[in-house]
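Please open the structure in your viewer and keep the selection tool at hand. The stops below say what to select next and what is there.

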Amino acid sequence: MSRIAYVNGQYRPMRDAVVNIEDRGYQFSDGIYEVCEIRGGRIVDMPRHLARLQRSLSELRIAMPMPLASLEVVIHEVVRRNRVNYGIVYLQISRGVARRDHAFPSPAVRPSVVVTARSLNLEKNEATASHGIKVITTAENRWPRVDIKSISLLPNVLAKQQAREQGAYEAWFVDRDGFVTEGASSNAWIITKDGIVVTRSADAGILPGITRTVLTEVLAALQIRLEVRPFTPQEAYEAAEAFVTACSQIVMPVVAIDGKPVGGGQPGPIALKLRQHFHQFSAFS
Ligand code: PDD
């Protein structure tokens with residue numbers, strides 16, 4: 001079955017799904033995106049993802065291309081047409097197509113909308129979680145507006161590649177003050193030897209992850225203490241557990257940081273418990 005993409009009002013086979021070469025997303029990374037998990041054919045926490053999408057658009061002064069309800073219909077339709085039971089849906093909106101000029105097109109052009117969906121292997125992801133992943137640390141070199149989910153991801157791409165070349169799955173950025181900000185495509189967490197879960201505040205330096213927000217609710221319900229504060233790589237090396245969160249990974253245990261085993265090099269019990277309970281706190285649509 002060929003995959004189907006939604007591109008500016010049309011559902012097209014992937015091979016015919018094209019955007020203009022003067023799309024500002026292509027030329028300037030002038031756009032935003034969202035990724036949602038699909039589980040049981042339904043979208044996980046879509047309202048929260050769409051609220052973040054609206055915020056990203058408004059921060060970049062890109063107009064909402066269609067009413068929210070229509071966007072929801074498109075998302076569902078792309079998932080349905082691709083028959084995705086477990087996987088991800090990807091949504092990208094750019095400022096639109098215009099002759100190349102850095103400043104915004106005037107008059108404004110219609111934003112470009114692309115939605116794709118693809119299946120992922122649930123068993124494989126569970127197997128990865130049961131073994132845990134390795135992370136490396138690398139110097140933070142992104143712009144200060146990482147709270148916007150922009151498609152401008154070059155530092156993230158380079159950091160992820162650096163991780164892969166060092167046999168790791170994720171890279172954690174470390175800011176000038178020596179604190180971990182977040183992963184190249186995930187939020188970063190540790191659990192102290194006293195069982196306190198620690199993650200950085202979403203006020204600055206990180207993308208406010210939807211998985212991160214939902215997990216704070218899971219922690220409260222399970223009466224697990226949360227400290228919202230930054231931590232250093234050194235504190236992470238000595239932590240009882242570590243993990244990352246992202247919609248495509250939920251709670252993914254970290255078993256080594258910079259080649260140093262964390263928590264005896266095994267996924268931690270609290271991280272696994274949080275992973276197990278996570279979807280009881282998600283909204284499905
Ligand atoms: N990444 N931080 C960064 C830099 C991210 O790219 C992501 C998600 C997150 C976690 O956000 P959420 O919990 O809302 O998925 C944090 C997506 C999955 C991606 O780029 O593919």
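Which polar backbone atom is 2.8 Å from an oxygen atom of the ligand? Select the ligand together with isoleucine 210, and bear in mind that this is a predicted model: the backbone atom belongs to isoleucine 210.

**The ligand and its surroundings**

Keep the ligand selected and add threonine 211, where an N or O atom of the side chain is 2.6 Å from an oxygen atom of the ligand. Then add glutamate 182, whose side chain has an N or O atom 2.6 Å from a nitrogen atom of the ligand. Taken alone, the ligand exposes 470 Å², and the protein buries 90% of that area. To see the wider surroundings, select the 19 residues around the ligand, of which the closest are Tyr33, Glu182, Ile210, Thr211 and Cys247.

**The largest pocket**

Next, select Tyr33, Lys160, Ala184, Ser185 and Ser248, which lie nearest the centre of the largest pocket, whose lining is made up of 46 residues. This pocket has a volume of about 1,300 Å³. If you colour domain 1 (4-120) and domain 2 (125-281) separately, you can follow how both give residues to the lining of the largest pocket, which is why the pocket lies between them.

Now show the helices and strands, because the lining can also be traced through them: strand S3 (31-39), helix H2 (46-60), strand S5 (87-94), H4, helix H5 (154-165), strand S9 (180-183), helix H6 (210-221) and strand S13 (241-246) each supply at least two residues, so each is worth highlighting in turn. The largest share of the lining of this pocket, five residues, comes from H5. By class, the residues that line the largest pocket divide into 19 nonpolar, 18 polar and nine charged.

**The second largest pocket**

Move on to the second largest pocket, which has a volume of about 230 Å³. To find the place, select Glu140, Arg142, Asp175, Arg176 and Thr181, the closest to its centre among the 13 residues that line this pocket. The lining of the second largest pocket has five nonpolar, two polar and six charged residues.

**The two cavities**

How many cavities of 30 Å³ or more does a search of the whole structure find? The search finds two.

For the largest cavity, with a volume of about 60 Å³, select the residues that line it: Glu37, Val44, Asp45, His49, Ile210, Thr211, Val214, Cys247, Ile250, Phe278 and His279. Helix H6 gives the most to this lining, with three residues. The lining of the largest cavity has six nonpolar, three polar and two charged residues. Domain 1 (4-120) and domain 2 (125-281) both give residues to this lining, so the largest cavity lies between them.

The second largest cavity holds about 30 Å³ of space, and you can bring its lining into view by selecting Glu34, Cys36, His49, Leu50, Ile75, Val89, Tyr90 and Leu91. S3, H2 and S5 each supply at least two residues of this lining, with the largest share, three residues, coming from S5. By class, the lining of the second largest cavity has six nonpolar residues, one polar and one charged.

**Helix H4 and its two ends**

Select helix H4 (residues 122-131) with asparagine 121, which caps the N-terminal end of the helix: a side-chain oxygen of asparagine 121 lies 3.1 Å from the backbone nitrogen of glutamate 123. Then follow the chain past H4 to glycine 132, whose phi is positive, near 85 degrees.

**Two backbone details in loops**

Most residues other than glycine have a negative phi, and most peptide bonds are trans. With that in mind, select asparagine 8, which has a positive phi of about 45 degrees although it is not a glycine. Asparagine 8 is found in the loop between strand S1 (4-7) and strand S2 (10-13).

For the last stop, select serine 106 and proline 107, which are joined by a cis peptide bond with omega about 0 degrees. Proline 107 has its place in the loop between S5 and strand S6 (112-119).

How values were computed
Residues numbered from 1 in each chain as written. Predicted model: local features only at pLDDT ≥ 70, side-chain atom pairs only at ≥ 80, totals over all residues. Heavy atoms only, no water. Polar contact = N/O pair within 3.5 Å; in protein donor to acceptor, adjacent residues only side chain to side chain. Helix = DSSP H or I, 4+ residues; strand = E, 2+ residues; numbered from the N terminus. 1 Å grid on protein atoms, 1.4 Å probe; cavity = no way out; pocket = protein on both sides within 12 Å on 5 of 7 lines; lining within 4 Å. Points joined across faces, edges and corners; volume = space filled by probe spheres on them. Nonpolar A, V, L, I, M, F, W, Y, C, P; charged D, E, K, R; others polar. Domains from an automatic or database assignment. Near = heavy atom within 4 Å. Areas by Shrake-Rupley, 256 points an atom, 1.4 Å probe, with all protein chains shown as cover.
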